[in-house]
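Dear colleague,

I am handing over the structure below, and I would be grateful if you could keep it open while you read the notes that follow it.

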Amino acid sequence: MESQVRGGTRWKRFAVVMVPSVAAAAAVGVGLAQGALAASFSVSGQQFKVSAAELHGNGFAQYGGIDTVYTKVDGKEQTKVPVAISSFDDATIEKMCQSVKTDIPLVGSIYLRLEAGNDPKKPVSAENLYIDVAQLDADAEFEDIDIGVAVKDKTRGPDVKQGESVLPGGFAQQARKADLYNVKQTAWATTAGTFKLSGLSMKLGTNPKMECY
């Protein structure tokens, strides 16, 4: 039976909400192993961190999926990892920080840090946004949320990307609107139709404190 909640719904830790989606992602992994699904595009084997003071999105959907990632920076071997795909028709993000750590043989750890949207009047904006999430913590509020809808029958958020590794009849959740505060997430990949970074600042260094959190 489909579980639905109407109106405004708050969760103090969004990571709790993600548990069913990650379970669905594990099921996708079984489908891949049995040859039932085609693997999605390959991404780097490095997770990156993203933090934000606020994220406001319209047309939200989340469902399980699989990313094919490289196991090392030499790009010789790949593996498959489950992800919770969060998607938005459009979103604005205030005080966004993105950081990634790269371990380079004979050199050491290098950190890349990107900041944008620090001016509340000029937030980061994106359309047709997809985030392949490994972990997410935030204070969250949803409007008109449906929990338990099948992926292929969802009506919110952008369409599932062509070639995306998902189970059409698998678990998904959707909402007309999603507001997230104090966001801290680890992700494998981000895709957007448009991604506007106002006040962009990018730095490269060796100090571990350069990570967003």
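Arg176 forms a salt bridge (a side-chain nitrogen of Lys or Arg within 4 Å of a carboxyl oxygen of Asp or Glu) with Asp144, their closest N and O atoms being 2.8 Å apart. This pair links distant parts of the chain, since Arg176 lies in strand S8 and Asp144 in strand S7, 32 residues apart; strands here are DSSP runs of E with at least two residues, numbered from the N terminus.

Please bear in mind that this is a predicted model, in which local features need pLDDT of at least 70 and side-chain atom pairs count only at pLDDT 80 or more, while totals for chains, interfaces and linings use all residues. Residues are numbered from 1 along each chain as its sequence is written, and side-chain values use heavy atoms, with hydrogens and water left out.

Arg176 also forms a salt bridge with Glu143, with 2.4 Å between the closest N and O atoms, and Glu143, Asp144 and Arg176 are thereby linked in a network of salt bridges. Arg176 counts as partly exposed because its relative accessible area is 36%, on a scale where buried means under 20%, exposed over 50% and partly exposed in between (1.4 Å probe, protein chains only). A search of the whole structure finds five salt bridges, including one between Glu211 and Lys49, whose closest N and O atoms are 3.8 Å apart; here Glu211 sits in the segment after S10 and Lys49 in strand S3, 162 residues apart.

Turning to the interior, the largest nonpolar core (a set of buried Ala, Val, Leu, Ile, Met, Phe, Trp, Tyr and Cys residues joined through side-chain atoms within 4.5 Å) has 28 residues, of which Phe88, Phe142 and Leu180 touch the most other members. The largest share of this core, 11 residues, comes from S7. A second, separate core of 11 residues includes Tyr63, Val69, Val149 and Val166.

As for strand pairing, which requires that DSSP find at least two bridges between two strands, S5 (residues 96-104) and S6 (residues 108-116) run antiparallel and are joined by nine bridges. S6 is also joined, again antiparallel, to S10 (residues 201-205) by five bridges, and Arg113 stands opposite Lys203 in S10. In the hairpin of S5 and S6, which has three residues between the strands, Leu106 takes a positive phi near 70°, and this residue counts as exposed because its relative accessibility is 93%.

With best regards

Technical notes:
Helix = DSSP H or I, 4+ residues; strand = E, 2+ residues; numbered from the N terminus.
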